[in-house]
Amino acid sequence: MRTLKLTNLFCAFGLLLSTGIASAQTADSIKYNHLDVFGPIVWPTTSGGTRSAAGKPGEHYWQNRPDYVIHATLNEGKQDTTVTGEVAINYTNNSPDQLEYLWLQLDQNLFKPDSRGAATVPLAGDRFDVKGFKRGGYHIHSVTVTYKGQSYTVVPVITDARMQVKLKTPMGGKGDKITVKVNYDFSIPFYGADRMGRKTFKQGVVYEIAQWYPRMCVYDDAEGWNTLPYMGLGEFYCDYGNFDYYITAPANMTVAGSGDLVNAAQVLSTQQQARLAEARKSDKTVMIIKPEEVGQAATHPFKGTLTWHFNMTNSRDVSWAASTAFIWDAARINFPSGRKGISQSVYAAESSGNEAYGRSTEYLKYSIEIYSKKYFEYPWNSAVNVGGVALGMEYPGIIFCRSDLKAGRLWGDVTHEIGHNWFPMIVGTNERKYMWMDEGFNTFINEYSTQMFNKGEYFDVSGRPANDIGKSMARARNPEPLMTPPEADNNYGEYYTKTSAGLDMLRNVVLGPERFDYAFNEYIKHWAFKHPLPYDFFRAMNDAAGEDLNWFFQAWFFNTWKIDQAIQGVKYVKNDAANGAQITLVNKEKMAMPVELKITQANGKTEILHLPVNIWQRGGVWTFVYPSTSAIESIVIDPDNQLSDIDRRNNTWKAPAK
């Protein structure tokens, strides 16, 4: 089989026939308009030189920084379990703007009975099923501001899941600092919108604690304060800072958290410390707390309560989990730079076994190693997977996976949730507005981790994401564009699958792996620990790949245009196949893509032709001459099913029977 590019044909024949959209060749069903696809497109820009035309942070790029010190206590009761806490936020305003007030997120207020999220749950419910509960939401006990050595209390303005702190004296820009201290408590929901909560096992309750402290809203160069409320589906947008946090819990509990455990000697037994040290040197999973040790006095040889101290640097969030039921195991992570880290899992006995969470640490370790080598080195030292109530949820350095998952389903959940540590935990996008930039990018990289893990143990080559998307797009009556905010989208699964399929097509069909991978990695490198907008991604890919891809970005992300390439017919030059064949293609739907053809001749020769997207710049019908030497038996468009083509019945042409 030979592979030919169209330019080779031009050189060989010196002949190119273009038909445009001629009335004799255009069916009524053709929806394509080349002016819609290839018309001028200019992406919005920000002012002040904060973002470059090349899709990189600009000379004057800035972002604000909150550093957190948090003290929280888990209070386990018979009827209710609460978290009480105090958070001190040391906030640096790096913007050029003076701030007269600050905005904080109060995400636990989602669980108040009268929250916006509770009010907008569909009658039939959904995955997030936010209906509120009687004791739900934050109780804010005090808010204190310290600025330029002066402290004062503030009566905040709380609106649903946001809190405004009005300042007596406006805060200056360009590095000015202020401290906000908040005392609070909340009751832990049983099912926290599939992002946190509690689940009861035989040996105790597993608490997965997230959205557990008032935190700063992002003030950025594009919109100022970002104050969209938390309503369940739309996730989070957070600035980067350091976290120094302390969790006080009953002494018979194991606590796992984002970042490094600072005081292991004070909260672990001598044996557990030794096992943890062993795990840091082992590529095989080492048990820290064995199944038979759960609930034993020697496992937790302390009385009353214990305070676990964790630290995480340059992160956008932290979360933690606690339980008397935890089995705990760990293994070493090997980073490309030679640095070492630790992969860990905590789970109840009901989740144990080699077909289940017994391999969780292995899945986590190898996912991190794969993503670190292929995209960007994982910046932290530790990662932990928690088996609990949440189906799958991600936080920096810690993920929550549903406790009953096994084998390939557990692998898929682990590699997906830890993949989020690249999108959006490293590349810090606004999940509440642009869900496709984290879920979709992450789903895309999950394909490659699954292909690479353990020689493709869970990789099913029979399923092609692009082909599946083509089928779903053909069925969809009222799809929404990917740029639709998540709370307004009726099929949020598209953020995952359609984005991933689009990146697959860019990589495999439009640019090729080498050009795509270079541009994609450049984007990650430049926007690590920063806040890219969609337009930064579009510009970054155009610039580093050396291709104007705006025709693709507009169609795939801003519209619901479909792909339907078809073969209209074949005619031989002077009615003799030895003189060449005129092949006519039709672009029936509104989106344009390159065309790949597999052509088989009667003499047994098979060739693959690659035609650039530019053939559709003047219209939706294109005729070219193929240098056949014998009769053509068949032509197949997109023989490897790389495109999201909605009708593959017209992708094949076969010579009429004689």
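**Packing around Ile635 and the helices H8 to H13**

Ile635 touches Ile567, Val570, Ile583, Leu597, Lys598, Ile599, Asn651, Thr652 and Trp653, leaving aside residues up to four places away in sequence. The model examined here is predicted. In it, Ile635 belongs to strand S32, which covers residues 632-637. With a relative accessibility of 0%, Ile635 counts as buried, because the cut-off for that class is under 20% relative accessible area. One of the partners of Ile635 is Lys598; these two residues are 37 apart in sequence, yet their C-alpha atoms are 5.6 Å apart in space.

We may turn next to the helices, beginning with H11. Helix H11 runs over residues 513-527 and has 15 residues. From its first C-alpha to its last, H11 reaches 21 Å, close to the 21 Å expected at 1.5 Å a residue. Its buried residues are Phe516, Ala519, Phe520, Glu522, Tyr523, Ile524 and Trp527. Three helices receive the buried residues of H11: H8 (436-452), H10 (493-511) and H12 (534-545). H11 is followed by Phe529, which has a positive phi, near 65 degrees.

The pairings among these helices can be taken one by one. Two packed helices are described by the angle between their axes and the distance between the axes. For H10 and H11, the angle is about 135 degrees and the axes are 7 Å apart. H10 and H11 are therefore oblique to each other, as angles over 145 degrees would be needed for the roughly antiparallel class. On the H10 side the meeting residues are Leu503, Leu506, Arg507 and Leu511, and on the H11 side they are Pro513, Arg515, Phe516 and Asp517. Sorted by class, this contact of H10 with H11 holds 5 nonpolar and 3 charged residues, with no polar ones. Phe516 thus appears twice in the description, being buried in H11 and taking part in the contact with H10.

H10 also packs with H8. The axes of H8 and H10 come within 7 Å and cross at roughly 60 degrees, so the two helices are again classed as oblique to each other. The crossing by which H8 passes H10 is right-handed. From H8, the contact draws on Trp436, Glu439, Gly440, Phe441, Thr443, Phe444, Glu447 and Tyr448, while H10 supplies Tyr495, Tyr496, Thr499, Ser500, Leu503, Asp504, Arg507 and Asn508. The residues of the contact of H8 with H10 divide into 7 nonpolar, 5 polar and 4 charged. Leu503 and Arg507 of H10 serve in this contact with H8 and also in the contact with H11.

A further partner of H8 is H12. Here the axes come within 11 Å and cross at roughly 45 degrees, and H8 and H12 are therefore oblique to each other. Trp436, Met437 and Phe441 of H8 make this contact with Pro534, Phe537 and Phe538 of H12. The residues of the contact of H8 with H12 comprise 6 nonpolar, no polar and no charged. Trp436 and Phe441 take part in the contact of H8 with H12 and in the contact of H8 with H10.

Burial is also found in helix H13, residues 550-558. Since 8 of its 9 residues are buried, H13 is largely enclosed by the rest of the structure. The buried residues are Asn550, Trp551, Phe552, Phe553, Gln554, Ala555, Trp556 and Phe557. Phe552 offers a link back to H10: Met505, which lies in H10, is 47 residues away from Phe552 in sequence and 9.9 Å away in space, C-alpha to C-alpha. Met505 is itself buried, at a relative accessible area of 0%.

Some backbone features in the loops complete the picture. A cis peptide bond, with omega about 20 degrees, joins Phe423 and Pro424. Pro424 sits in the loop between helix H7 (407-419) and H8. Lys148 has a positive phi near 55 degrees in a residue other than glycine, and is placed in the loop between strand S5 (138-147) and strand S6 (150-153). Asp194, likewise not a glycine, has a positive phi of about 60 degrees and lies in the loop between strand S10 (191-192) and strand S11 (196-201). Lys148 is exposed, at 63% relative accessibility, whereas Asp194 is buried, at 2% relative accessible area.

Definitions and conventions. Residues are numbered from 1 along each chain as its sequence is written. This is a predicted model: local features need pLDDT of at least 70, side-chain atom pairs count only at pLDDT 80 or more; totals for chains, interfaces and linings use all residues. Side-chain values use heavy atoms; hydrogens and water are left out. Helices (H or I, at least four residues) and strands (E, at least two) are DSSP runs, numbered from the N terminus. The expected span of a helix is 1.5 Å times one less than its number of residues. Buried means under 20% relative accessible area, exposed over 50%, partly exposed in between (1.4 Å probe, protein chains only). Contact means heavy atoms within 4.5 Å. Axes are lines fitted to C-alpha atoms, for helices over the stretch in contact, and angles run from 0 to 180 degrees between N-to-C directions. Angles under 35 degrees count as roughly parallel, over 145 as roughly antiparallel, 65 to 115 as roughly perpendicular and the rest as oblique. A crossing is left-handed if the near helix is turned anticlockwise from the far one by less than a right angle, and right-handed if clockwise. Ala, Val, Leu, Ile, Met, Phe, Trp, Tyr, Cys and Pro count as nonpolar, Asp, Glu, Lys and Arg as charged, and the others, Gly among them, as polar.
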